[in-house]
Amino acid sequence: MTGSPTDFLKGVVGKRVVVRLASGVDYRGVLSCLDGYMNIALEQTEEHVNGAVTNRYGDAFIRGNNVLYISAAEPL
């Protein structure tokens with residue numbers, strides 16, 4: 001896939017993503033929305049620590065300054 005990071009982010013809104021935090025914790029869920037500061041709202045969220053599910057949340061909000069990266073959980 002080619003394009004800018006903005007194109008990628010627009011393309012994954014409404015799809016399953018993996019959000020890796022600087023602490024190494026992963027959050028997996030459906031990307032509801034995000035803003036220019038990379039603040040992220042997820043739905044159907046699971047928290048993964050060392051590959052194991054530790055918590056399940058309906059909705060989650062992640063502050064952008066904690067985000068290391070966002071990746072698509074499914075092929076685009």
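The protein contains one helix and five strands, and in the predicted model these elements follow the order α-β-β-β-β-β from the N terminus. The radius of gyration is 12 Å, close to the 11 Å that the globule rule gives for 76 residues, so the protein is as compact as a globular protein of that length. Taken along the principal axes, the box filled by the C-alpha atoms is roughly 35 × 25 × 20 Å.

Of the 76 residues in the protein, 32% are buried. Among contacts with a separation of 6 or more, 37% are made by residues 24 or more positions apart. The exposed area of the protein comes to about 4,800 Å², and 50% of this area is supplied by carbon and sulfur atoms. The protein carries 7 positive and 8 negative charges, and the mean positions of the two sets lie 3 Å apart.

In soluble globular proteins, nonpolar side chains tend to be buried together. The largest nonpolar core of this model has 13 residues. Within this core, the residues that touch the most other members are Val 17, Val 19, Tyr 27, Ile 40, Leu 42, Ile 62 and Ile 70. Two or more residues of the core come from each of helix H1 (5-12), strand S1 (16-21), strand S2 (26-34), strand S3 and strand S5 (67-72). The most is given by S1, with three residues.

Ile 40, one of these core residues, is located in strand S3, which spans residues 40-49. Ile 40 counts as buried because its relative accessibility is 0%, against a cut-off of under 20%. When neighbours within four places in sequence are left aside, the contacts of Ile 40 are Val 19, Leu 31, Cys 33, Leu 34, Ala 60, Phe 61, Ile 62, Val 67 and Ile 70. Val 19, Ile 62 and Ile 70 are also listed among the core residues that touch the most other members. Tyr 27, another residue in that list, is 13 residues from Ile 40 along the chain, and the C-alpha atoms of the two residues are separated by 11 Å.

A second set of contacts centres on Val 17, also a member of the core. With residues up to four places away in sequence not counted, Val 17 touches Val 12, Tyr 27, Arg 28, Gly 29, Leu 31, Leu 42, Ile 70, Ser 71, Ala 72 and Ala 73. Leu 31 and Ile 70 are in contact with Val 17, and both are in contact with Ile 40 as well.

Technical notes
Residues numbered from 1 in each chain as written. Predicted model: local features only at pLDDT ≥ 70, side-chain atom pairs only at ≥ 80, totals over all residues. Heavy atoms only, no water. Helix = DSSP H or I, 4+ residues; strand = E, 2+ residues; numbered from the N terminus. Rg over C-alpha atoms; globule rule 2.2 N^0.38 Å. Buried < 20%, exposed > 50% of the residue type's maximum accessible area, 1.4 Å probe, protein only. Contact = heavy atoms within 4.5 Å. Areas by Shrake-Rupley, 256 points an atom, 1.4 Å probe, with all protein chains shown as cover. Lys, Arg positive; Asp, Glu negative; His and termini not counted. Charge placed at Lys NZ, Arg CZ, Asp CG, Glu CD. Core = buried A, V, L, I, M, F, W, Y, C linked by side-chain atoms within 4.5 Å.
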